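User: I have a model open and would like to go through its aromatic residues and its interior with you. Could you keep the answers in plain sentences?

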Amino acid sequence: MQFTRLIGLILLWLAPLSLAFVAANKNDPYLVALRGVGNIALVVLSIAIAVTLLRRGYRRRATGKLLIAFWCLPPLLMSAAHLRFELRKHEVLRASRAEARQLGPHFVVGYSSFPEVALLAEQGLIGGIYITRHNIGRRTVDDLRAEIAALQDKRRAAGLPPLIVTADQEGGIVGHLSPPLTKVPALATLAELPPEARKAKAEEFGRTHGRELASLGVNLNLAPVLDLKPPARRNRLDFHTLIGQRAIASDPAVVGEIASAYVQGLESSGVGATLKHFPGIGRVRTDTHHFAANLDAPISELEASDWRPFREVLGRSHAALMVGHVTLTAVDPDRAASHSRRVVRGILRDTWNYQGVVMTDDLVMGAIYQHDVCKAVVEAINAGVDLLLVAYDGAQFYRIFDCALEAARRRELDASALRASEVRLGRVLPATEP
């Protein structure tokens, strides 16, 4: 009995400190599941326990007063965190028309609230949206189609270019709109087919994805994956990348062949493709959703193997290129490829002469977000990255856009890089007449 009482007392003291930490970091992507009802429950619980302690006379003892103060911390810290978020949001929403037109086209954002994303779209603070599973929810395909059309109507009314509308439909384990869209097998299932059969089937998969995405209003698919399939099982902490299940094959020629056919099928339906995740994560054992990762292979080796499919498919299509959050140590050991000038300008623009659209992987991933995300945003824009993706937790858009906004006001953004990017983005979707 005494042991149980001791445990209860320890929890009574430790719990408010744990909840205070959660409350202070309520806007962190890792705590997205607690927002809304979870946050309210935390505040109500903390206040209820503080009131209970007061009624039981804990305020008469010094230690009791301290314990009551601890239980008052979570609501106070949550209020402070919410205030910081609202102030940052207010700062972004009051950006001038010129600032919005300069920076907005470079951001693609995931969303849960239609009124909120509609406001961002109308003000030109974003250039695109990311559609995923929660945007379907219990609604019909027609509902989502109407929602996307309504956003495009708002863009036209504001005299802005149409939104780039993206989705993650790779096939296999990554088909975030399936159901209700057709669940297509992974492209990896085609690798063992005879060459002509696998090309025909891959093109068919691309047409299926393209036709259904285009009917929704999606114009850019974040697929296919061109990373080479790793020869060995990745570490047990890889919960999200799962590249062994998503990669097409370990043979660069087979990857290029299947991916090219798939992209051709997509593009024939009016939907663009996005090749990912350059410079390749097949060799990387760390999950960049959570941790920083290094790619230590020599450039000559990567050019001869991992990068062959990228160059081949880029040469045969109008595909965009997604750059991942791995550090290419042979080129730039100090920053991830997604915001490295040496990688984006040095390799992609200058060496490969690729003048298409480059986008980052999701900036809410731990490899970037848990470090200096503001520095990464500024470096990515100055490196010549065209689109910055804020997918998993769209609420982080305000923090990330504010980074770019402050840098622009301090004249830290490369004007020539922004102008060149504007030209590239103009080739993706034609501008509307003002």
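User: Is phenylalanine 278 buried or exposed?

Analyst: This is a predicted model, and in it phenylalanine 278 has a relative accessibility of 0%, so it counts as buried, the cut-off being under 20%.

User: How many aromatic pairs are there, and how do the rings of phenylalanine 278 and tryptophan 307 sit?

Analyst: The count comes to 10 aromatic pairs. For phenylalanine 278 and tryptophan 307, the ring centres are 5.0 Å apart and the planes stand at 40°, so this pair is classed as tilted. It links distant parts of the chain, because phenylalanine 278 belongs to strand E7 (residues 274–278) while tryptophan 307 is in the loop between helix H11 (299–304) and helix H12 (308–316), 29 residues apart.

User: And what does tryptophan 307 do with tryptophan 352?

Analyst: Tryptophan 307 and tryptophan 352 form an edge-to-face aromatic pair, with 5.8 Å from centre to centre and 75° between the planes. Since tryptophan 352 lies in the loop between helix H13 (341–351) and strand E11 (358–360), and tryptophan 307 in the loop between H11 and H12, the pair ties together parts that are 45 residues apart in sequence. Both tryptophan 307 and tryptophan 352 are buried.

User: Which residues do ring pairs link into a cluster?

Analyst: The cluster linked by ring pairs consists of Phe85, Phe107, Phe397, Tyr398 and Phe401.

User: Where do the arginines 61 and 399 sit relative to tyrosine rings?

Analyst: Arginine 61 lies over the face of tyrosine 58, at 5.1 Å from the ring centre, and the charged end of arginine 399 is placed over the ring of tyrosine 369, 4.7 Å from its centre.

User: Switching topic, how many cavities of 30 Å³ or more are there, and what lines the largest cavity?

Analyst: There is one cavity of 30 Å³ or more, and the volume of the largest cavity is about 80 Å³. Its lining is made up of Glu170, Gly171, Ile173, Ala186, Leu187, Pro224, Val225, Gln245, Arg246 and Ile248. Strand E4 (169–171) and helix H9 (243–246) are the elements that give two or more residues to that lining. Sorted by class, the lining has six nonpolar, two polar and two charged residues.

User: Last one: where is threonine 208, and what does it touch?

Analyst: Threonine 208 is in helix H8 (residues 195–216). Leaving aside residues up to four places away in sequence, threonine 208 touches Thr182 and Val184.

User: Why does threonine 208 count as buried?

Analyst: Threonine 208 counts as buried because its relative accessibility is 14%, and buried means under 20%.

Key
Residues are numbered from 1 along each chain as its sequence is written. This is a predicted model: local features need pLDDT of at least 70, side-chain atom pairs count only at pLDDT 80 or more; totals for chains, interfaces and linings use all residues. Side-chain values use heavy atoms; hydrogens and water are left out. On a 1 Å grid over the protein atoms alone, a cavity is a set of points where a 1.4 Å probe fits but cannot get out, and a pocket is an open set with protein on both sides within 12 Å along at least five of seven lines; lining residues have an atom within 4 Å of a point. Grid points are joined across faces, edges and corners, and a volume is the space filled by probe spheres set on the points. Helices (H or I, at least four residues) and strands (E, at least two) are DSSP runs, numbered from the N terminus. Ala, Val, Leu, Ile, Met, Phe, Trp, Tyr, Cys and Pro count as nonpolar, Asp, Glu, Lys and Arg as charged, and the others, Gly among them, as polar. Buried means under 20% relative accessible area, exposed over 50%, partly exposed in between (1.4 Å probe, protein chains only). Contact means heavy atoms within 4.5 Å. Rings of Phe, Tyr and Trp (its six-membered ring) pair if their centres lie within 6.5 Å; planes under 30 degrees apart count as stacked, over 60 as edge-to-face and the rest as tilted. A charge sits over a ring if NZ of Lys or CZ of Arg is within 6 Å of the ring centre and within 35 degrees of the ring normal.
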